[in-house]
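User: Please take a close look at any enclosed space in this model and at what surrounds it. After that, work outwards and tell me what you find on the way.

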Amino acid sequence: MSETYVYYHVTKPGAVLRAQGPDAFTFLQSQFANDLHHPEVAQPVTYGLWLDHKGKIQADSFVLQKSPGEFLIVSYDGPRERLRAHLEARLVADDVTLEDETEKYSLVHLWPAEHDDDLSELVGQIADPALTESWMGRRPTGFGAWDLLAPPPVMEKIVAQLNELGVANATMAELTAIRVALGIPAVPADAGPEDLPQETGLNLVAVSYDKGCYLGQEVMQRLHTQGHANRALWQVAWEGGLPEPHQDGPMPLFVGETEAGQLRSRATKDGKSLGLAMLKLRLLAGQPLLSFSPNGPKVVRLFRNLAEG
């Protein structure tokens, strides 16, 4: 990236759903793993997970409360079909309508080069609140980042202002490299339908243990009070690139002959290869080196267990 203090990246949101109706709050609260009740905030924005009855991650999103009976559900990577079907399958007698508005919007991520830089003044300068939704985001940094959601014509004007102000346009590869280096899981790339929040560390930021009943709540509470996950998402690093042929999807990782898990997100930052890998904890005593093939060269080094925070 070029030398700058602020970066931006424009993308299409994975899902934007609008939930409306007299029962919208109670319905979403009964499905969302985090607590939507924030009476001290006029229009709260809450990040959290959508789980199934086994506590497995179906999607993540921000829930923006526009009014007592109107909410926007915004997910970075969706997928919108899964998220909408997940919610509609649980609408029974609830007076709620769900509209897919994904195609109406563009999304820009805005983040500072330094952790403690406050971008709220910049956001206020470029975002018309009548035309733009804005909130503290999670991609790529998890701190100091902002998301702006707007219709494409409005987003074009926002981008023009950012360019005039000298804000640097970053690529998705650069954004991913920062996210992986900081150990921020993406849903569903790193935490998907086969994974529990406790395996990924997302339970620390996206699950409430104090609210009432919601889908998956019994599993969350049981794991929180008396259980433990058998797998964990780790930051890993290795020298050089991936073995040929390069694969875009998850790659198996091995301890000796035994498959220990999967390499999921991967990136190159400052000349180093980094990744996030879901691994079986019982095979990781002593933090061994891992390999990309059975009994292959042991090149993948464990760095940090994200499930431990």
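Analyst: One bit of vocabulary before we go in: a residue is exposed if its relative accessible area is over 50%, buried if that area is under 20%, and partly exposed in between. Asp-270 shows how it works: its relative accessible area is 69%, so it is exposed. Keep in mind that this is a predicted model.

Now the enclosed space. Rolling a probe the size of a water molecule over the atoms shows where empty space is left. Here, a search of the whole structure turns up one cavity of 30 Å³ or more, and the volume of the largest cavity is about 90 Å³. Its walls are made by Tyr-47, Asp-60, Tyr-76, Asp-77, Arg-138, Arg-139, Arg-179 and the run Ile-184, Pro-185, Ala-186 and Val-187. Sort that lining by type and you get six nonpolar residues, five charged ones and no polar ones.

Two of the lining residues also sit at cis peptide bonds. Arg-139, on the cavity wall, is joined to Pro-140 by a cis bond with omega of about 5°. Pro-140 itself is in the loop that links strand 8 (133–136) to strand 9 (146–150). Val-187, another lining residue, is followed by a cis bond to Pro-188, where omega is near 10°. Pro-188 belongs to the loop between helix 5 and helix 6.

Stay in that loop for a moment, since Asp-190 lies there too. Asp-190 has a relative accessible area of 0%, so it is buried. Its side chain makes a polar contact with the side chain of Ser-265, at 2.8 Å. Leaving out residues up to four places away in sequence, Asp-190 touches Arg-179, Ile-184 and Pro-185, among others, and those three are part of the cavity lining. Its other contacts include Asp-195, Thr-200, Leu-233, Arg-264, Leu-276 and Met-278.

Leu-276 takes us on to Gln-235, because it is on the contact list of that residue as well. Gln-235 is in strand 11 (residues 231–238) and, with 4% relative accessibility, counts as buried. A polar atom of the Gln-235 side chain is 2.8 Å from the backbone oxygen of Ala-181. Setting aside neighbours within four places in sequence, Gln-235 contacts the stretch Val-180, Ala-181, Leu-182 and Gly-183, then Gly-275 and Leu-276, and finally Arg-301, Leu-302, Phe-303, Arg-304 and Leu-306.

At the start of helix 5 (172–182) the picture changes: Thr-171 is in the loop between strand 10 (168–169) and that helix. Its relative accessibility is 42%, so it counts as partly exposed.

Next, the helices that come up as we work outwards. Helix 8 (residues 217–225) has four buried residues, Gln-217, Val-219, Met-220 and Leu-223. They span an arc of only 165° around the axis, so they are on the same side of helix 8. The face turned away from that side carries Glu-218 and Thr-225, which are exposed. Among the elements covering the buried residues of helix 8 are strand 3 (45–51) and helix 6 (197–200).

Strand 3 also helps cover the buried residues of helix 1, along with strand 2 (15–20), strand 5 (70–75) and helix 2 (80–88), among others. Those buried residues of helix 1 (24–31) are Ala-24, Phe-27, Leu-28, Gln-29 and Gln-31. Two of them, Ala-24 and Phe-27, are in contact with Val-96, as are Ala-19, Gln-20, Asp-23 and Leu-91. Val-96 is in the loop between helix 2 and strand 6 (97–100) and is buried, at 11% relative accessibility. Although Val-96 and Arg-18 are 78 residues apart along the chain, their C-alpha atoms are separated by 10.0 Å.

Last stop, two loops with unusual phi values to check by eye. Asp-270, the exposed residue from the start, is in the loop between strand 13 (258–269) and strand 14 (272–280). Its phi is near 55°, positive in a residue other than glycine. Gln-287, in the loop between strand 14 and strand 15 (301–305), also has a positive phi, near 45°. With 47% relative accessibility, Gln-287 counts as partly exposed.

Conventions. Residues numbered from 1 in each chain as written. Predicted model: local features only at pLDDT ≥ 70, side-chain atom pairs only at ≥ 80, totals over all residues. Heavy atoms only, no water. Buried < 20%, exposed > 50% of the residue type's maximum accessible area, 1.4 Å probe, protein only. Polar contact = N/O pair within 3.5 Å; in protein donor to acceptor, adjacent residues only side chain to side chain. Contact = heavy atoms within 4.5 Å. 1 Å grid on protein atoms, 1.4 Å probe; cavity = no way out; pocket = protein on both sides within 12 Å on 5 of 7 lines; lining within 4 Å. Points joined across faces, edges and corners; volume = space filled by probe spheres on them. Nonpolar A, V, L, I, M, F, W, Y, C, P; charged D, E, K, R; others polar. Arc of directions from axis to C-beta.
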